[in-house]
Amino acid sequence: MQKKLLAVLFLFIVLSSSAFAAVKFPEKEPDIITRTAQLDKASVVLIYSIVTGTASMPEFKLVQGGGTEATLVGTWENSEETVTFTEDGRFLADEASGGTFSGTYSIAGNVLTLAYSSPQTGTVKFTFTLSGNTLVLSNPQIGDVSYARAGAATQDVIANAESLLIVADDSQGAKMLTYEVSNGAGGTGMIVSSDGYIVTNSHVVLQGTDPEQMLVESVFSQFQDELWQEASQYYQLSDADKQAVVDILLGKFVDYFYENGQISNVNVNYYVINGVSQPGEDLKAKSLPATVKKMGTVTEKIGGQETWGKDIAILKVEKTGLPAVTLGDSENVQVGESVFVMGFPGIGGAESFFNPESALEATITRGVISAKRAQPNGLVIFQTDAAINHGNSGGPVYNDEGKVIGIATFISGARENVQDVGFLLPINIAEEFMNEINIENKKSLINDKYKAGLEAFWRKDCYNAINEMKTVLTLYPGHPYAQDYITECERAIAAGEVSGGPDMGPTLLGLAFIAVIIIIAVLVLTGKIKPAAFFSFARKIDAVEAKTGGGINFCQKCGARLKPGEKFCDQCGTRLSK
């Protein structure tokens, strides 16, 4: 049995395959669900709550209960070789590859000395641990090698596991074991303000959870994995029997750790990931650190009865100009109303069948508001048949106008003949929290430009779509999706799938105005016209505009102002008509 515990792998991974499916040119005008999904997918984020700390305990060993010493004499085997120790101090080793070694052995304390005589001579020393039907030989050059006693019945292995004890190693070289460990949880959130405020559930940020206990469970989980691997490697047992052995020894390790181990240096950190990843991209580097600005309670007790609380948290990332969702009014939600949910759910262990970066692609499920449920604390929550899974927590639920009216929060466990039922907290509860710390559902110019680019894309106006999306990237260089639409439009233009060109109207008018100014300047400089004529022309324009004021007359030829009763213009001498 190895005496090391591997640190829990950090939940962030380095991706090695391609980013998820690229944008495709639309065949038809998208419906409200598709429009909202494309508009808000940059505003719906993945949230990780990561707990880190240090686990420490005295080095331990396995001993037979009651101090019973097992004998080395007999036949021991693993997948690579079979070794037999005889009572007269001889050994014989047959390798699976066909080789054979033999010689004599001696024991001094826990040191086993093998003196090889065939096929070559030499001496090798091992320290050994003998526990019932398990033999572990240790050597600095080859590490630990485990054997199982040949012919041991399954029941003997299970009985032996029950008789073993895990105790502190009191040998001279024993030391304190120290490991950096981590654990965590993930969920969904939505950006509600362009200056970096995010709404999610408080249970996503571990409210009501003991971080230290999460790390203890991480230690136990790693020990359990190692036990299973060792049982699979060295014992010919059914999965049920292996599980029985693992459960027995894990229970003994749990008791040992609670009595002798400790967790220290506990830290909780929050990370927000927004958008797609590129091949080889480190998601931890891509993520944005977040802080919790306000947090409600997951559950509360009313008259001794536990009920769901205001399970809302507001996070803040230090970034501005972010795209935000549009919040609706949950007060107006009606039973039977269509809704759809966006988020990052787990898929029941099937993640191993997909590319790892697909975890960053928000999913959509749809349904209706099935009922409104009043709780003992006065909160009214929404029941829905839209699929909600672990990981959806904290994500937005939209109405058929593309506005957020609820937050996916919890599900009732599946029972016989009963499907999972999802429950939503009304968005107005989140807005109460927002109002308390002066946060508005505020959007930036990026929202307007991105929406304009999408609308141009949907109507296959690629030239304007490209212009709008380039503006988005200028305002927000890290926007996760704008470049996808530019790339698809450039492909469609090159393939001749779109007709027409960019809207040149404003540009042509501007060019015409500049041309007129240039022509006038040239004529003035070459003496073709005098500056006075130009200003006279300007006065004529002013005169025409002034005539609408009533009561004031101007010369029709030069535009000079006329005095009442004049028959000739003082400026140009033109005879005036009556």
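This is a short guided tour of the structure, one selection at a time.

**The whole chain**

Start with everything shown, and keep in mind that the model is predicted. Colour by secondary structure and you will find 11 helices and 24 strands. The protein has 578 residues, and buried ones make up 41% of them. If you switch on a surface, about 30,400 Å² is exposed, with carbon and sulfur atoms supplying 52% of that area. How are the contacts spread along the sequence? Of those between residues at least 6 apart, 66% join residues at least 24 apart.

**Helix α1**

Now select residues 32-40, which form helix α1. Show the side chains of I33, T36, A37, Q38 and D40, since these are the places to look for burial: each of the five is buried. What do they pack against? Add β1, then the strands β19 (338-343), β20 (363-374) and β22 (396-398), and then the helices α7 (445-458) and α9 (482-494); the buried residues of α1 pack against each of these.

**Strands β1, β12 and β13**

From α1, move on to one of its packing partners, β1. Select β1 at residues 44-58 together with β12 at residues 176-193: the two strands run antiparallel and pair over 15 bridges. To pick out one bridge, click on G53 and look across to V181, its partner in β12.

Next, extend the selection to β13, residues 197-200. This strand also pairs with β12 in the antiparallel sense, here over 3 bridges. One pair to find is S193 with its bridge partner Y197 in β13. Between β12 and β13 sit 3 residues, and the two strands form a hairpin. Stop at G196 in the turn, where phi is positive, at about 100°.

**The cavity**

How many cavities of 30 Å³ or more does the structure hold? There is 1, and the space inside the largest cavity comes to about 30 Å³. To find the spot, select V45, I191, I198, V272, N274, L288, V317 and L322, which line the largest cavity. Colour these residues by class and you will see 7 nonpolar residues and 1 polar one, with no charged residue in the lining.

**A lysine in α4**

Go to helix α4, residues 239-260, and select K242. Is this lysine buried or exposed? K242 counts as buried because its relative accessibility is 10%, and the cut-off for buried is under 20%. Show W228, A231, S232 and L237 as sticks too: these are the contacts of K242 once neighbours within four places in sequence are set aside.

**Backbone stops**

Finish with a few places where the backbone deserves a look. Zoom in on S118 and P119, which are joined by a cis peptide bond with omega of about 5°. P119 belongs to the loop between β7 (111-118) and β8 (122-131).

Then select N265 in strand β14, residues 262-273. Although N265 is not a glycine, its phi is positive, near 55°. With a relative accessibility of 55%, N265 counts as exposed.

The last stop is N438, in the loop between α6 (427-436) and α7. Here again a residue other than glycine has a positive phi, this time near 60°. N438 counts as exposed too, at 72% relative accessibility.

Methods
Residues numbered from 1 in each chain as written. Predicted model: local features only at pLDDT ≥ 70, side-chain atom pairs only at ≥ 80, totals over all residues. Heavy atoms only, no water. 1 Å grid on protein atoms, 1.4 Å probe; cavity = no way out; pocket = protein on both sides within 12 Å on 5 of 7 lines; lining within 4 Å. Points joined across faces, edges and corners; volume = space filled by probe spheres on them. Nonpolar A, V, L, I, M, F, W, Y, C, P; charged D, E, K, R; others polar. Pairing = 2+ DSSP bridges. Helix = DSSP H or I, 4+ residues; strand = E, 2+ residues; numbered from the N terminus. Buried < 20%, exposed > 50% of the residue type's maximum accessible area, 1.4 Å probe, protein only. Contact = heavy atoms within 4.5 Å. Areas by Shrake-Rupley, 256 points an atom, 1.4 Å probe, with all protein chains shown as cover.
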